[in-house]
Amino acid sequence: MVLGGRWAIALGGLLFLSSPAGALTNLFFTAFEPSEGYDARYELVSQNGWVCDTTSLGGNGLTTNYLGTQAAYVGLFPLDPATNFISVYQPLSFDPIQQGLPIVEFSTLMSVMDSSNTNWDDFLWTVYNTDGWPMLTVDFNNYDTNIYYALGTNDFVATPVRFANDVSYDFRIRMDFALNRWSATLSGTLIVTNQPIAPAGKKLDLADVDAVWWPYDPVNPGDNFMVFDNYKVTADALPPIQLAGLGRNPNGQFLLRLYGPSGTRHAIEASANLRQWTSLKTNVVTDGYFDFIDTDAASLSRRYYRARLVN
(Lines give C-alpha, C1' and ligand atoms only; values in the text may rest on other atoms or scores of the structure.)
Protein backbone atom coordinates (compact mmCIF):
# COMPACT_ATOMS: atom_id res chain seq x y z
CA MET A 1 0.00 0.00 0.00
CA VAL A 2 1.48 3.33 -1.05
CA LEU A 3 0.33 6.36 0.89
CA GLY A 4 -1.62 8.62 -1.53
CA GLY A 5 -2.26 12.46 -1.38
CA ARG A 6 0.41 15.04 -0.42
CA TRP A 7 1.32 16.66 2.86
CA ALA A 8 4.10 19.10 3.78
CA ILE A 9 5.32 20.26 7.16
CA ALA A 10 5.82 23.92 7.95
CA LEU A 11 9.61 23.55 8.26
CA GLY A 12 9.52 23.01 4.58
CA GLY A 13 10.45 20.05 2.93
CA LEU A 14 9.44 16.62 4.03
CA LEU A 15 6.65 15.31 1.82
CA PHE A 16 4.83 12.04 2.06
CA LEU A 17 1.76 10.43 0.56
CA SER A 18 -1.20 10.06 2.92
CA SER A 19 -3.59 7.14 3.00
CA PRO A 20 -6.80 7.08 1.00
CA ALA A 21 -9.81 8.02 3.11
CA GLY A 22 -11.89 5.21 4.48
CA ALA A 23 -15.28 6.67 5.33
CA LEU A 24 -14.41 10.26 6.20
CA THR A 25 -17.35 12.03 7.80
CA ASN A 26 -17.51 15.74 8.56
CA LEU A 27 -18.93 16.09 12.08
CA PHE A 28 -18.67 19.87 12.14
CA PHE A 29 -16.94 22.66 10.22
CA THR A 30 -17.10 26.41 10.29
CA ALA A 31 -14.97 29.26 8.95
CA PHE A 32 -16.95 31.78 11.06
CA GLU A 33 -17.83 33.78 7.95
CA PRO A 34 -20.73 36.24 7.56
CA SER A 35 -22.05 34.00 4.78
CA GLU A 36 -22.60 31.33 7.47
CA GLY A 37 -24.62 33.75 9.58
CA TYR A 38 -21.88 34.91 11.98
CA ASP A 39 -22.03 38.55 13.04
CA ALA A 40 -18.87 40.17 14.45
CA ARG A 41 -20.94 42.71 16.38
CA TYR A 42 -21.94 40.03 18.88
CA GLU A 43 -20.31 37.35 21.03
CA LEU A 44 -19.64 33.95 19.48
CA VAL A 45 -21.79 32.29 22.15
CA SER A 46 -25.42 31.92 21.02
CA GLN A 47 -24.49 32.14 17.33
CA ASN A 48 -24.98 29.02 15.17
CA GLY A 49 -25.24 26.68 18.14
CA TRP A 50 -22.11 27.81 20.05
CA VAL A 51 -22.50 27.60 23.82
CA CYS A 52 -20.41 28.16 26.94
CA ASP A 53 -20.42 26.95 30.53
CA THR A 54 -20.70 30.32 32.29
CA THR A 55 -23.30 33.05 32.52
CA SER A 56 -20.62 35.75 32.53
CA LEU A 57 -20.44 38.17 29.64
CA GLY A 58 -17.29 38.86 27.64
CA GLY A 59 -14.26 36.71 26.96
CA ASN A 60 -15.37 35.57 23.51
CA GLY A 61 -16.38 36.95 20.16
CA LEU A 62 -15.59 37.33 16.48
CA THR A 63 -12.90 39.46 14.85
CA THR A 64 -11.90 40.41 11.31
CA ASN A 65 -8.41 41.65 12.16
CA TYR A 66 -6.48 38.37 12.42
CA LEU A 67 -5.76 35.24 10.36
CA GLY A 68 -6.75 37.14 7.21
CA THR A 69 -10.48 36.49 7.58
CA GLN A 70 -13.30 36.61 10.10
CA ALA A 71 -12.45 34.31 13.00
CA ALA A 72 -13.48 33.50 16.57
CA TYR A 73 -11.61 34.25 19.77
CA VAL A 74 -11.59 33.61 23.51
CA GLY A 75 -10.00 36.06 25.95
CA LEU A 76 -9.32 39.76 25.33
CA PHE A 77 -12.18 41.29 27.38
CA PRO A 78 -12.59 40.56 31.13
CA LEU A 79 -15.45 38.28 32.15
CA ASP A 80 -18.33 40.06 33.88
CA PRO A 81 -18.77 38.94 36.58
CA ALA A 82 -15.20 37.64 36.98
CA THR A 83 -14.94 33.85 36.91
CA ASN A 84 -12.15 31.29 36.72
CA PHE A 85 -12.49 30.45 33.03
CA ILE A 86 -14.72 30.45 29.99
CA SER A 87 -15.08 27.42 27.71
CA VAL A 88 -16.88 27.77 24.36
CA TYR A 89 -17.85 24.81 22.22
CA GLN A 90 -20.08 23.30 19.58
CA PRO A 91 -22.02 20.26 20.94
CA LEU A 92 -21.25 17.07 19.00
CA SER A 93 -22.37 14.06 21.12
CA PHE A 94 -20.74 11.45 18.89
CA ASP A 95 -19.92 7.81 19.69
CA PRO A 96 -16.99 6.86 17.40
CA ILE A 97 -17.00 3.15 18.26
CA GLN A 98 -20.75 2.70 17.90
CA GLN A 99 -20.74 4.55 14.58
CA GLY A 100 -17.78 2.53 13.24
CA LEU A 101 -15.70 5.70 12.78
CA PRO A 102 -13.01 5.43 15.47
CA ILE A 103 -10.48 7.91 14.02
CA VAL A 104 -11.52 11.43 15.02
CA GLU A 105 -9.47 14.49 14.14
CA PHE A 106 -9.93 18.04 15.36
CA SER A 107 -8.13 20.81 13.47
CA THR A 108 -8.07 24.59 13.55
CA LEU A 109 -5.96 27.54 12.44
CA MET A 110 -5.01 29.37 15.63
CA SER A 111 -2.83 32.08 17.11
CA VAL A 112 -2.25 33.41 20.63
CA MET A 113 -2.12 37.20 20.70
CA ASP A 114 0.03 38.67 23.46
CA SER A 115 -1.06 40.94 26.31
CA SER A 116 -0.38 44.66 26.22
CA ASN A 117 -0.43 44.71 30.04
CA THR A 118 1.68 42.72 32.51
CA ASN A 119 -0.75 39.79 32.91
CA TRP A 120 -0.62 36.59 30.92
CA ASP A 121 -3.09 33.73 30.85
CA ASP A 122 -3.59 30.17 29.59
CA PHE A 123 -5.44 29.13 26.44
CA LEU A 124 -6.53 25.53 26.18
CA TRP A 125 -8.19 23.01 23.92
CA THR A 126 -10.09 20.43 25.97
CA VAL A 127 -11.92 17.34 24.72
CA TYR A 128 -14.88 16.15 26.81
CA ASN A 129 -16.88 12.94 26.83
CA THR A 130 -20.67 12.93 27.14
CA ASP A 131 -20.41 12.55 30.94
CA GLY A 132 -18.66 15.92 31.08
CA TRP A 133 -15.24 14.37 31.81
CA PRO A 134 -12.25 16.38 30.46
CA MET A 135 -10.51 13.49 28.71
CA LEU A 136 -7.53 15.44 27.38
CA THR A 137 -6.27 19.02 27.33
CA VAL A 138 -3.55 20.88 25.42
CA ASP A 139 -2.52 24.10 27.17
CA PHE A 140 -0.86 27.11 25.50
CA ASN A 141 0.63 28.95 28.47
CA ASN A 142 1.12 32.57 27.47
CA TYR A 143 3.34 33.35 30.47
CA ASP A 144 6.22 31.11 29.37
CA THR A 145 4.96 30.24 25.82
CA ASN A 146 5.37 26.54 26.62
CA ILE A 147 2.82 23.92 25.59
CA TYR A 148 1.54 21.47 28.20
CA TYR A 149 -0.95 18.61 28.21
CA ALA A 150 -3.16 16.99 30.82
CA LEU A 151 -5.10 13.74 31.03
CA GLY A 152 -8.42 14.03 32.82
CA THR A 153 -8.01 16.10 35.97
CA ASN A 154 -4.34 15.21 36.40
CA ASP A 155 -1.55 17.78 36.62
CA PHE A 156 -0.21 19.37 33.46
CA VAL A 157 2.86 17.86 31.83
CA ALA A 158 5.37 20.01 29.94
CA THR A 159 6.13 19.13 26.32
CA PRO A 160 9.33 20.10 24.45
CA VAL A 161 7.35 22.33 22.08
CA ARG A 162 6.89 26.09 22.41
CA PHE A 163 4.81 28.59 20.48
CA ALA A 164 5.32 32.22 19.47
CA ASN A 165 2.81 35.01 19.93
CA ASP A 166 0.99 36.45 16.92
CA VAL A 167 2.00 33.49 14.73
CA SER A 168 -0.61 31.36 12.93
CA TYR A 169 -0.43 27.59 13.50
CA ASP A 170 -2.24 24.57 12.15
CA PHE A 171 -3.22 22.76 15.35
CA ARG A 172 -4.51 19.16 15.23
CA ILE A 173 -5.60 16.52 17.71
CA ARG A 174 -5.89 12.99 16.32
CA MET A 175 -7.86 10.54 18.48
CA ASP A 176 -8.03 6.80 17.89
CA PHE A 177 -10.98 5.65 19.97
CA ALA A 178 -10.46 2.01 18.94
CA LEU A 179 -7.00 1.99 20.52
CA ASN A 180 -7.81 4.66 23.15
CA ARG A 181 -4.82 6.76 22.07
CA TRP A 182 -4.34 10.38 20.96
CA SER A 183 -1.66 12.65 19.58
CA ALA A 184 -1.40 16.36 18.80
CA THR A 185 0.65 18.41 16.34
CA LEU A 186 1.38 22.10 15.83
CA SER A 187 2.03 22.86 12.15
CA GLY A 188 3.38 19.33 11.74
CA THR A 189 5.53 19.32 14.90
CA LEU A 190 4.54 16.53 17.24
CA ILE A 191 3.49 17.88 20.64
CA VAL A 192 2.41 14.65 22.34
CA THR A 193 1.63 11.09 21.24
CA ASN A 194 0.49 7.69 22.51
CA GLN A 195 -1.45 9.03 25.46
CA PRO A 196 -4.75 7.45 26.58
CA ILE A 197 -7.93 9.31 25.70
CA ALA A 198 -9.80 8.13 28.78
CA PRO A 199 -8.92 5.88 31.75
CA ALA A 200 -10.74 2.65 32.52
CA GLY A 201 -14.22 3.29 33.83
CA LYS A 202 -14.69 6.55 31.93
CA LYS A 203 -16.97 6.76 28.89
CA LEU A 204 -14.99 6.68 25.64
CA ASP A 205 -16.98 8.97 23.35
CA LEU A 206 -16.95 12.59 22.18
CA ALA A 207 -19.15 15.40 23.47
CA ASP A 208 -17.26 18.50 22.33
CA VAL A 209 -13.88 20.15 21.71
CA ASP A 210 -13.66 23.36 23.74
CA ALA A 211 -11.72 26.58 23.28
CA VAL A 212 -10.86 27.74 26.80
CA TRP A 213 -9.58 30.98 28.30
CA TRP A 214 -8.17 30.45 31.79
CA PRO A 215 -7.08 33.77 33.36
CA TYR A 216 -4.26 33.48 35.86
CA ASP A 217 -6.00 36.19 37.93
CA PRO A 218 -9.71 36.37 37.06
CA VAL A 219 -10.01 39.83 38.62
CA ASN A 220 -7.01 41.19 36.70
CA PRO A 221 -6.75 39.13 33.49
CA GLY A 222 -4.47 39.87 30.60
CA ASP A 223 -5.88 41.33 27.42
CA ASN A 224 -4.25 38.44 25.54
CA PHE A 225 -6.53 36.16 23.52
CA MET A 226 -6.60 33.07 21.32
CA VAL A 227 -8.04 33.54 17.85
CA PHE A 228 -9.09 30.48 15.85
CA ASP A 229 -10.57 29.75 12.43
CA ASN A 230 -11.51 26.80 10.21
CA TYR A 231 -12.70 24.81 13.22
CA LYS A 232 -13.21 21.25 11.96
CA VAL A 233 -14.00 17.82 13.44
CA THR A 234 -13.98 14.71 11.23
CA ALA A 235 -14.43 10.99 11.85
CA ASP A 236 -13.02 8.17 9.75
CA ALA A 237 -12.99 4.39 9.57
CA LEU A 238 -9.68 2.59 9.36
CA PRO A 239 -9.07 0.36 6.33
CA PRO A 240 -7.59 -3.07 7.19
CA ILE A 241 -4.07 -1.65 6.72
CA GLN A 242 -3.13 2.01 7.04
CA LEU A 243 0.14 3.91 7.29
CA ALA A 244 -0.38 7.26 9.00
CA GLY A 245 2.04 10.14 9.46
CA LEU A 246 1.73 11.59 12.97
CA GLY A 247 4.23 14.43 12.43
CA ARG A 248 7.75 15.52 13.31
CA ASN A 249 9.15 15.60 16.81
CA PRO A 250 11.13 18.70 17.90
CA ASN A 251 14.34 17.07 16.58
CA GLY A 252 12.88 16.89 13.09
CA GLN A 253 12.45 13.12 13.15
CA PHE A 254 9.22 11.79 11.65
CA LEU A 255 6.77 9.49 13.46
CA LEU A 256 4.81 6.90 11.47
CA ARG A 257 2.10 4.57 12.70
CA LEU A 258 1.08 1.39 10.88
CA TYR A 259 -2.41 0.04 11.61
CA GLY A 260 -3.20 -3.55 10.73
CA PRO A 261 -4.58 -6.86 11.97
CA SER A 262 -2.66 -8.13 14.99
CA GLY A 263 -0.20 -10.87 14.14
CA THR A 264 0.46 -9.68 10.59
CA ARG A 265 3.97 -8.64 9.53
CA HIS A 266 4.60 -5.46 7.55
CA ALA A 267 7.56 -3.54 6.17
CA ILE A 268 7.74 0.26 6.07
CA GLU A 269 9.71 1.51 3.08
CA ALA A 270 10.89 4.96 1.96
CA SER A 271 11.76 6.57 -1.34
CA ALA A 272 12.97 9.92 -2.65
CA ASN A 273 11.54 9.44 -6.15
CA LEU A 274 8.73 6.81 -5.94
CA ARG A 275 10.86 4.44 -8.06
CA GLN A 276 13.54 3.11 -5.73
CA TRP A 277 12.43 1.98 -2.27
CA THR A 278 14.50 1.25 0.86
CA SER A 279 13.23 -0.84 3.75
CA LEU A 280 13.22 1.07 7.05
CA LYS A 281 11.44 -1.25 9.46
CA THR A 282 9.81 -4.68 9.47
CA ASN A 283 7.66 -5.55 12.43
CA VAL A 284 4.72 -7.64 13.60
CA VAL A 285 1.54 -5.73 14.45
CA THR A 286 0.42 -6.16 18.07
CA ASP A 287 -2.66 -4.55 19.60
CA GLY A 288 -3.64 -3.21 16.19
CA TYR A 289 -0.63 -1.03 15.36
CA PHE A 290 3.08 -0.32 15.70
CA ASP A 291 5.04 2.96 15.59
CA PHE A 292 8.26 3.82 13.82
CA ILE A 293 10.43 6.94 14.12
CA ASP A 294 12.37 7.82 10.97
CA THR A 295 15.52 9.32 12.49
CA ASP A 296 16.93 10.21 9.04
CA ALA A 297 14.01 12.47 8.14
CA ALA A 298 15.52 15.54 9.81
CA SER A 299 18.27 15.73 7.20
CA LEU A 300 16.10 15.06 4.13
CA SER A 301 14.24 17.57 1.99
CA ARG A 302 11.72 15.04 0.64
CA ARG A 303 10.70 11.48 1.42
CA TYR A 304 7.79 9.20 0.52
CA TYR A 305 6.60 6.23 2.54
CA ARG A 306 4.70 3.03 1.88
CA ALA A 307 3.89 -0.21 3.71
CA ARG A 308 3.66 -3.74 2.40
CA LEU A 309 2.65 -7.09 3.82
CA VAL A 310 5.57 -9.45 4.48
CA ASN A 311 4.92 -13.21 4.43
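**Exercise 1.** Locate P221 in this predicted model and determine whether P221 is buried or exposed.

*Solution.* Step 1: P221 belongs to the loop that connects β16 (208-214) with β17 (225-236). Step 2: its relative accessible area is 11%. Step 3: buried means under 20% relative accessible area, so P221 is classed as buried.

**Exercise 2.** Identify which residues P221 touches, not counting residues up to four places away in sequence, and state how far apart P221 and D121 are in space.

*Solution.* Step 1: the contacts of P221 are P78, N117, N119, D121, W213 and P215. Step 2: of this list, take D121; P221 and D121 are separated by 100 residues in sequence. Step 3: their C-alpha to C-alpha distance is 7.0 Å.

**Exercise 3.** Place F156 in the fold, classify its exposure, and name the surface patch that includes F156.

*Solution.* Step 1: F156 lies in the loop between β11 (146-151) and β12 (157-162). Step 2: the relative accessible area of F156 is 33%. Step 3: partly exposed covers the range between under 20% and over 50%, therefore F156 is partly exposed. Step 4: together with F85 and W214, F156 forms a nonpolar surface patch whose accessible area is about 260 Å² in total.

**Exercise 4.** Describe the open sheet that contains β20 and its pairing with β21.

*Solution.* Step 1: the three strands are ordered β21-β20-β23, with antiparallel pairing. Step 2: β21 (278-284) and β23 (304-309) are the edge strands, each pairing on one side only. Step 3: from one strand to the next, the twist averages 20 degrees. Step 4: β20 (residues 265-271) is joined to β21 by six bridges, and A267 stands opposite T282 in β21.

Note on methods: Residues numbered from 1 in each chain as written. Predicted model: local features only at pLDDT ≥ 70, side-chain atom pairs only at ≥ 80, totals over all residues. Heavy atoms only, no water. Pairing = 2+ DSSP bridges. Helix = DSSP H or I, 4+ residues; strand = E, 2+ residues; numbered from the N terminus. Axes fitted to C-alpha atoms, helices over the stretch in contact; angles between N-to-C directions. Patch = residues over 30% accessible without salt bridge, like charges linked within 9 Å, V, L, I, M, F, W, Y side chains within 5 Å. Areas by Shrake-Rupley, 256 points an atom, 1.4 Å probe, with all protein chains shown as cover. Salt bridge = Lys/Arg side-chain N within 4 Å of Asp/Glu carboxyl O. Buried < 20%, exposed > 50% of the residue type's maximum accessible area, 1.4 Å probe, protein only. Contact = heavy atoms within 4.5 Å.
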